[in-house]
Amino acid sequence: MESIAGALQLSEEEKDHLFRLWDPNAEHEFPASYSHLEEGWQSIISQLAYPSFITNERSEVLAWNEAANEKLFAFSSMNVNDRVMMRMLFLDATLRERMHNWDEFARHSVAVFRTYYDKYPGEPEFSKIVQQLNEDSTDFHSIWSLHQIKQKKVNRIYLETTDRADGIAYAYDIFSMSNLNEQSGIHCCVYIPVME
C-alpha cells in the first residue's frame, strides 16, 4: 500500500484515507449511536459563549447552543430532516448569499464529507443525501465528481450573521472536536470570532 500511495503521489490526507479504506478489519456500518447524543452534551455546549453545534459524519445536526441558533443558522425552526449541514450548504440560497467565501468552504466541506462517506460504502442514509444533492444542486454534483478527500481542520468562514442586518460578513475560525465519549463519528464545531 505504501508503494501504491507513493506511485500515485498521494498527499498525507489521501494516504491516510487510502489506508483506512484498505483496512480489512475496519467497521463499515454507520453506528446507530451516531444519530443520538447523551443528554450531557447539550448541557455542555449550551454553556459555551461561542456559536457551537454537534453533528455526526452524515452532517446531521444533533445539538446546538443559543448562540449558533441566533447568529448562524435557525436550527430550532427547521424540520429535523432539513437540519443537515450539507443540504443547508447547497440548497439554502439565503445561507449561500450570507457566506462570502462559499466556493472555498463548499469545496472543503464536500471533501470532508466524502472522506466520511467512503468509510460506509452503500450506507442508505449517506447514499440518500448524496443522491438528493446530486439531483438538486449542480454545484454539489460538480464538486462531488472531483473525488477530493480532506480531514477536518481549522477552517475560516466569512458569514453575515442572522442577528444583524448590516451586510457585514464576520470571520469565524471553526474548531472541531471529535471522539466525544469515544464516539469517533460525533463532532463538536465551535465558531470562534476572528478579530481582523
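The accessible surface of the protein comes to about 10,800 Å², and carbon and sulfur atoms account for 50% of it; these areas follow the Shrake-Rupley method with a 1.4 Å probe, and for residues only the protein chains shown count as cover. The model is predicted, so that local features need pLDDT of at least 70 and side-chain atom pairs count only at pLDDT 80 or more, whereas totals for chains, interfaces and linings use all residues. Residues are numbered from 1 along each chain as its sequence is written, and side-chain values use heavy atoms, with hydrogens and water left out.

**Exercise 1. Describe the overall architecture and the confidence of the model.**

Begin with the secondary structure, in which helices (H or I, at least four residues) and strands (E, at least two) are DSSP runs numbered from the N terminus. The protein has 9 helices and 5 strands, and their order along the sequence is α-α-α-β-β-α-α-α-α-α-α-β-β-β.

Next, consider burial, where buried means under 20% relative accessible area, exposed over 50%, and partly exposed in between (1.4 Å probe, protein chains only). Of the 196 residues in the protein, 41% are buried. Among contacts (heavy atoms within 4.5 Å) between residues at least 6 apart in sequence, 54% join residues at least 24 apart.

Finally, turn to pLDDT, the predictor's confidence in each residue, from 0 to 100. The average for the protein is 88, and 88% of the residues score at least 70. Confidence is lowest in helix α2 (residues 12-22), with a mean of 67, and highest in helix α9 (residues 138-144), at 98. Where pLDDT is low, the predicted coordinates should not be read in detail.

**Exercise 2. Trace the aromatic pairs that involve Phe73.**

The criterion comes before the geometry: rings of Phe, Tyr and Trp (its six-membered ring) pair if their centres lie within 6.5 Å, and planes under 30 degrees apart count as stacked, over 60 as edge-to-face and the rest as tilted. The structure holds 15 such aromatic pairs.

One of them joins Phe53 and Phe73 edge-to-face, with 6.0 Å from centre to centre and 80 degrees between the planes. This pair links distant parts of the chain, since Phe53 lies in strand β1 (residues 52-56) and Phe73 in the loop between α4 (66-71) and α5 (85-91), 20 residues apart. Both Phe53 and Phe73 are buried.

The rings of Phe73 and Tyr191 have centres 6.5 Å apart and planes at 85 degrees, and therefore this pair is edge-to-face. Here too distant parts of the chain are linked, because Tyr191 belongs to strand β5 (residues 183-193), 118 residues from Phe73. Phe73 has a relative accessible area of 3% and is buried, and Tyr191, at 2%, is buried as well.

**Exercise 3. Which residues are linked by ring pairs into a cluster, and which charged ends sit over rings of Trp102 and Trp144?**

Ring pairs link Phe90, Trp102, Phe113, Tyr117, Tyr120, Phe126, Phe140 and Trp144 into a cluster. A charge sits over a ring if NZ of Lys or CZ of Arg is within 6 Å of the ring centre and within 35 degrees of the ring normal. The charged end of Arg96 sits over the ring of Trp102, 3.6 Å from its centre, while that of Arg114 sits over the ring of Trp144, 3.8 Å from its centre.

Asp139, in helix α9, is in contact with Phe90, Arg96 and Trp102, leaving aside its neighbours within four places in sequence. Asp139 is partly exposed, at 28% relative accessibility.

**Exercise 4. Characterise the positive phi values of Ser59 and His147.**

Most residues other than glycine have a negative phi. Ser59, however, has a phi near 70 degrees, and its place is in the loop between β1 and β2 (61-64). Ser59 is buried, with a relative accessible area of 9%, and beyond its neighbours within four places in sequence it is in contact with Arg83, Val84, Met85, Met86 and Phe113.

His147 has a positive phi of about 60 degrees and is found in the loop between α9 and β3 (155-160). His147 is exposed, with a relative accessible area of 54%.

**Exercise 5. Assign the two faces of β3 and its strand partner.**

In a regular strand the side chains alternate between the two faces of the sheet. The covered face of β3 carries Asn155, Ile157 and Leu159, and the uncovered face carries Arg156, Tyr158 and Glu160. Strands pair if DSSP finds at least two bridges between them; 6 bridges join β3 to strand β4 (residues 169-180), and the two run antiparallel. Within this pairing, Arg156 stands opposite Asp173 in β4.
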